[in-house]
Amino acid sequence: FDAEKFFFEKQADDIAFEITAADVLYEDEDLIAVNKPSFLPTEETVVGGEKRDCLHAAVVRYLWTKAALRNPPYAGIMHRLDRETSGVILFTKTRAVNAAVHEMFEKRTVQKIYRAVCAISDNKGNTRRYRNLEKGSEFFVENNIGRISPKSTRAKWGELSTAHGGLYARTDFTVLEHCMIGGIPAVKIEARPLTGRTHQIRVHLASVGLPILGDTLYSAPEYKRTMLHAQRLTFQHPVSGKTITVSAPLPNEFLR
């Protein structure tokens with residue numbers, strides 16, 4: 001092996017990010033929803049012995065600027081988005097609503113809508129068309145998924161039997177339109193996950209020959225980012241009971 005690379009740890013290419021009022025999609029006394037950029041982890045991790053910045057820390061800093069507090073304000077993590085996935089993500093501002101918000105995510109009463117741009121061919125140029133990809137056509141994927149990679153390697157999920165720890169997952173999809181991005185034939189798709197498994201949308205689309213553009217872990221062609229965006233959350237407010245819908249505008253790369 002290459003001895004020089006044996007002790008090398010890849011450095012993350014995370015962006016520097018500070019939340020402004022324009023990034024806040026919804027806020028009241030109990031909740032705050034923000035528009036997460038790509039290339040930023042949701043929660044704190046450590047690389048090379050140093051803590052990486054994350055969206056959670058940015059939310060705490062933002063709330064701190066709004067109140068004259070001696071200690072950092074509270075921000076509860078209720079769900080997560082992958083590092084390269086952008087879009088709406090919800091945090092709690094008081095511990096009193098944590099149980100109710102956790103329950104609505106656990107029971108899947110939260111409605112989630114994502115936008116994805118999928119490559120019609122994989123990173124080897126192989127083309128596999130899944131059913132009908134005409135505009136407006138719908139399909140779904142349901143199976144049991146779980147981690148299929150060893151713990152010592154990069155985390156990867158895939159179809160896995162319940163006997164080996166797989167959990168039921170279903171995602172509904174709608175084809176929006178065909179497009180060309182960077183010379184790559186692609187299709188824009190709306191995804192509506194009915195369950196919340198790790199990498200669920202990424203795994204389901206890759207399993208039917210439609211890997212998300214930029215998602216090289218699941219055999220998609222390389223791109224400047226993984227083209228997955230959390231567009232909308234609809235939920236019942238844990239205090240008022242009102243139905244709240246929070247939407248995150250599409251990034252420029254999705255508007256081509």
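A salt bridge is taken here as a side-chain nitrogen of Lys or Arg within 4 Å of a carboxyl oxygen of Asp or Glu. The structure is a predicted model. Four residues, Asp14, Arg52, Arg83 and Glu84, are linked in a network of such bridges. Across the model the count comes to 16 salt bridges.

Within the network, the side chains of Arg83 and Asp14 meet at 2.7 Å, N to O. Arg83 sits in the loop between β5 (76-77) and β6 (86-92), and Asp14 in the loop between α1 (3-6) and β1 (24-27), so the salt bridge ties together parts that are 69 residues apart in sequence. Both partners are partly exposed. The relative accessible area is 23% for Arg83. For Asp14 the value is 24%. Buried residues fall under 20% and exposed residues over 50%, so Arg83 and Asp14 belong to the class in between.

A further salt bridge joins the side chains of Arg61 and Glu18, with an N to O distance of 3.1 Å. This pair, too, links distant parts of the chain. Arg61 belongs to helix α2 (residues 55-66), whereas Glu18 lies in the loop between α1 and β1. The two residues are 43 apart. Arg61 is partly exposed, at a relative accessible area of 27%. Another salt bridge is formed by Glu190 and Arg192, whose side chains meet at 2.7 Å, N to O.

The geometry of α2 was then considered. The helix has twelve residues. At 1.5 Å a residue, α2 should span 16 Å, because the expected span counts one less than the number of residues. The end C-alpha atoms of α2 are 17 Å apart, which agrees.

The helix also has a buried set of residues. Leu55, Ala58, Val59, Val60, Tyr62 and Leu63 are the buried residues of α2. Arg61, by contrast, is partly exposed. Among the elements that cover the buried residues of α2 are β1, β2 (31-36) and β6.

Two of these covering strands, β1 and β2, pair with each other. They run antiparallel and are joined by three bridges. One of the bridge pairs matches Val24 with Val34 in β2. The connection from β1 to β2 is a hairpin of three residues.

Several elements thus recur. Strand β6 helps to cover the buried residues of α2, and the loop between β5 and β6 holds Arg83. The loop between α1 and β1 holds Asp14 and also Glu18. Helix α2 carries Arg61, the partner of Glu18.

How values were computed. Residues are numbered from 1 along each chain as its sequence is written. This is a predicted model: local features need pLDDT of at least 70, side-chain atom pairs count only at pLDDT 80 or more; totals for chains, interfaces and linings use all residues. Side-chain values use heavy atoms; hydrogens and water are left out. Helices (H or I, at least four residues) and strands (E, at least two) are DSSP runs, numbered from the N terminus. Buried means under 20% relative accessible area, exposed over 50%, partly exposed in between (1.4 Å probe, protein chains only). Contact means heavy atoms within 4.5 Å. Two strands pair if DSSP finds at least two bridges between them.
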